[in-house]
Amino acid sequence: MTASPASARPAARTTNEDVRQQNLSAVLQLVHGRGALSRSEIGARTGLTRSTVTALVQELLDLQVVCETSVKPTGRAGRPSLGVAADDRVVALSVSADPHAVSVALVGLGGAVHSRVRHDLAKPPNPRRFAQLTSSLVDGMRADIDRHYRLVGAGVAVPGLVDRGGTVLLSPSLGWRRENLAHRLADAIGMEVKVGNDTSVGAMAETRFGIGRDVDNVLYLSGSMNGIGGGLVLDGALVRGTSGFAGEFGHTVVNTSGALCSCGRRGCLQVEVHPAKVLALLGRRGLDEDELDIELGLVRDPVTLAEVARQVDVLSVALTNFVNAFAPQMVVLSGYLGVLLATSRERLSAAVRLHPVGAEGRTVRLERAHMRSHLMQIAPAELAFEPLLGDPVARAPRA
């Protein structure tokens, strides 16, 4: 017998259990991203009936992934109503791999950062050393976790190419190549580990909790000493690309006769727009985002100002190309790129507003990321929370 073509096969049936699971996920994701909401607000945002919301909330309460709490008064007379919030006793470890430090934060499902530890480094760690350091930092948290929280796993943000299986294919700033970090670290700390590119997870967090919330189409770009990367959210979903490699905007060539990039090409955006030269002109080895904001606001040296202007012009060309290619509603700049926006908002805004094809028919907002240093404290934890948010019944941690 000849098999029927795939297109002729009947579609998989959606059962009541499937619908229930999807609704539980929708409610949990809503309070995870929004904070405490009343049951009526949950119904209004999801389109679910009052009785359905009541039943779903009760099941999530039984699973101990949400809790009841007071909500902001609506202005109406009567007692304040009890709202529903993600339970911050459900936690994930948020790990950041950086050439200069290893950081671990304990993050609640409601967004609270319960604790954070950091180990500074004189040089980038190799993968084995990174796993050892992370394990040591986590060991220092275990007594507190066991006493007060329910742990779902760990998320790790790495500056480099990371595939869907948690293998770091290449991280020039760390000197890592083809390292199955998810497996190595899971063995070291004894829990499930999810690994992602740092700017992609930053984009995910900024659109869930920051300036990009409620915007369906967002281009997020972040710059640091490690280079430039980003994330693209289209129709509310993060674009991951083949094997999860989307978002390498820093390797867009903007000057074919420019400086050599780690990728082997010349004039990539991340070598043409980089804080190193500005810091050298300022006579500083390193400044965080807020400190650099202040320094550039005070500088009057024409050489430094000229270098900043050059980088802003290069960035404006890249932004014009990105806006033409992806037509986002909003462009969010983070890290060093956020600093450049703060110093030259009018110049960059003009590029985004005036130069894109058909700009007269659409508006593109150019914004600085809101979460700043808080971003990478909570963003990696989102990787660990994703399975729970997708299927609360199967993935809820047991008390």
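Select strand β8 (residues 167–171) together with β9 (176–180) in this predicted model, and you will find the two strands paired in the antiparallel sense over four bridges. One of the positions to label is Val 168, whose bridge partner in β9 is Glu 179. Adding β7 (161–162) to the selection completes an open sheet of three strands, in the order β7-β8-β9, with antiparallel pairing. The edge strands here are β7 and β9, each of which pairs on one side only.

Keep this sheet on screen and add helix α6 (residues 181–189), which packs on the sheet and touches both β8 and β9. The direction of α6 makes about 60° with that of β9.

Within β9, centre the view on Arg 178. Most residues other than glycine have a negative phi. Arg 178, although it is not a glycine, has a positive phi of about 50°. Is Arg 178 buried or exposed? At 65% relative accessibility, the residue counts as exposed.

A second positive phi can be found by moving to Asp 214, in the loop between α7 (198–209) and β11. Phi of Asp 214 is near 75°, and this residue too is exposed, with a relative accessible area of 61%.

For a contrasting loop position, select Pro 125, between β5 (113–120) and α4 (127–139). Pro 125 counts as buried, at 4% relative accessibility. Leaving aside its neighbours within four places in sequence, display what Pro 125 is in contact with, namely Asp 98, Pro 99, Phe 130, Leu 174 and Trp 176. If you draw a distance from the C-alpha atom of Pro 125 to that of Glu 382, 257 residues apart along the chain, it will read 24 Å.

Next, select strand β3 (residues 90–98), which is mostly covered, with eight of its nine residues buried. Which strands pair with β3, and in what sense? On the one hand, six bridges join β3 to strand β6 (residues 150–158), and these two run parallel; on the other, β3 and strand β4 (residues 101–108) pair in the antiparallel sense over eight bridges. To check the register against β6, label Leu 93, which stands opposite Ala 154, and to check it against β4, label Ala 97, whose bridge partner is Val 102. The connection from β3 to β4 is a hairpin through two residues.

From here, turn to the interior and show Leu 28, Ile 42, Val 65 and Leu 109, the residues with the most contacts inside the largest nonpolar core, which has 49 residues. Helix α14 (residues 375–390) gives the most to this core, with nine residues. Centred on Val 65, and not counting residues up to four places away in sequence, the view should show contacts that include Leu 28, Leu 60, Ala 85, Val 90, Leu 109 and Leu 388, as well as Asp 87 and Arg 150. There is also a second, separate core of 33 residues, and Leu 219, Leu 221, Val 273 and Val 278 are among its members.

The next selection is strand β11 (residues 218–224) with strand β14 (residues 330–335), which pair in the parallel sense over six bridges. Label Ser 222, which stands opposite Ser 334 in β14. Widening the selection to the whole sheet gives an open arrangement of five strands, ordered β13-β12-β11-β14-β15, with mixed pairing. Because β13 (237–238) and β15 (365–368) stand at the edges, each with a single partner strand, one side of each is left without a neighbour in the sheet.

The last stop is helix α10 (residues 289–298), where Glu 289, Leu 292, Asp 293 and Leu 296 are buried. How are these buried residues placed when α10 is seen down its axis? They fall within an arc of 110°, so they line one face of the helix. On the other side of α10, Ile 294 and Leu 298 are exposed. To see what covers the buried residues, show a set of elements that includes α9 (275–282), α11 (302–326), β14, α12 (336–343) and β15. Finally, zoom to the start of α10, where a side-chain oxygen of Asp 288 reaches to within 3.2 Å of the backbone nitrogen of Asp 290.

How values were computed. Residues numbered from 1 in each chain as written. Predicted model: local features only at pLDDT ≥ 70, side-chain atom pairs only at ≥ 80, totals over all residues. Heavy atoms only, no water. Pairing = 2+ DSSP bridges. Core = buried A, V, L, I, M, F, W, Y, C linked by side-chain atoms within 4.5 Å. Buried < 20%, exposed > 50% of the residue type's maximum accessible area, 1.4 Å probe, protein only. Contact = heavy atoms within 4.5 Å. Arc of directions from axis to C-beta. Polar contact = N/O pair within 3.5 Å; in protein donor to acceptor, adjacent residues only side chain to side chain. Axes fitted to C-alpha atoms, helices over the stretch in contact; angles between N-to-C directions.
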